[in-house]
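Colleague: Could you walk me through how the labels on this model were assigned? I'd like to see the cut-offs behind the words.

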Amino acid sequence: ADEDTWSYNTQFNLEKPAVQRHLLATCTKVEEQADELLLIAQDCWISTFKTWLKNNGYDFPTRDASELPTLVRSFASSTTVDSGIYASDLIWFDDDDGSIKATYF
């Protein structure tokens, strides 16, 4: 039953600016090809996060790794994405250390 087992990608680290940029670039590319991909909806919270950061006086990508989880939590708990759901429904945090474990988009 190994095919039924899943785990988090331990290499995922949103605290790295390159990862933040990559997520944004992926969202942008998917959005540009939405008709071709036959997408009905896309919840790309990282695009909204970039705007939220700028509106709150921060740069994107966030380079302060220790501050990123706090910023993402604040953003996620108070911000909805295009579909109207809270960004917090798209981001998983580690209950032990508060780091960002995974994301959906």
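**Labels and their cut-offs**

Modeller: Let's start with W6: its relative accessibility is 63%, so W6 counts as exposed. Exposed means over 50% relative accessible area, buried means under 20%, and partly exposed lies in between, with a 1.4 Å probe and protein chains only. Bear in mind that this is a predicted model, where local features need pLDDT of at least 70, side-chain atom pairs count only at pLDDT 80 or more, and totals for chains, interfaces and linings use all residues. Residues are numbered from 1 along each chain as its sequence is written, and side-chain values use heavy atoms, leaving out hydrogens and water.

Colleague: What makes K101 and D94 a salt bridge?

Modeller: Their closest N and O atoms are 3.9 Å apart. The term asks for a side-chain nitrogen of Lys or Arg within 4 Å of a carboxyl oxygen of Asp or Glu, so the pair qualifies. A search of the whole structure finds one salt bridge.

Colleague: Why is D94 called buried, and K101 partly exposed?

Modeller: D94 has 16% relative accessibility, so D94 counts as buried. K101 has 27%, so K101 counts as partly exposed.

Colleague: How do you know that the buried residues of α3 line one face of the helix?

Modeller: In α3 (residues 45-55; helices are DSSP runs of H or I, at least four residues, numbered from the N terminus), W45, I46, F49, W52 and L53 are buried. Down the axis of α3, these buried residues fall within an arc of 110 degrees, so they line one face. The arc is taken from the directions from the helix axis to the C-beta atoms.

Technical notes:
Helix = DSSP H or I, 4+ residues; strand = E, 2+ residues; numbered from the N terminus.
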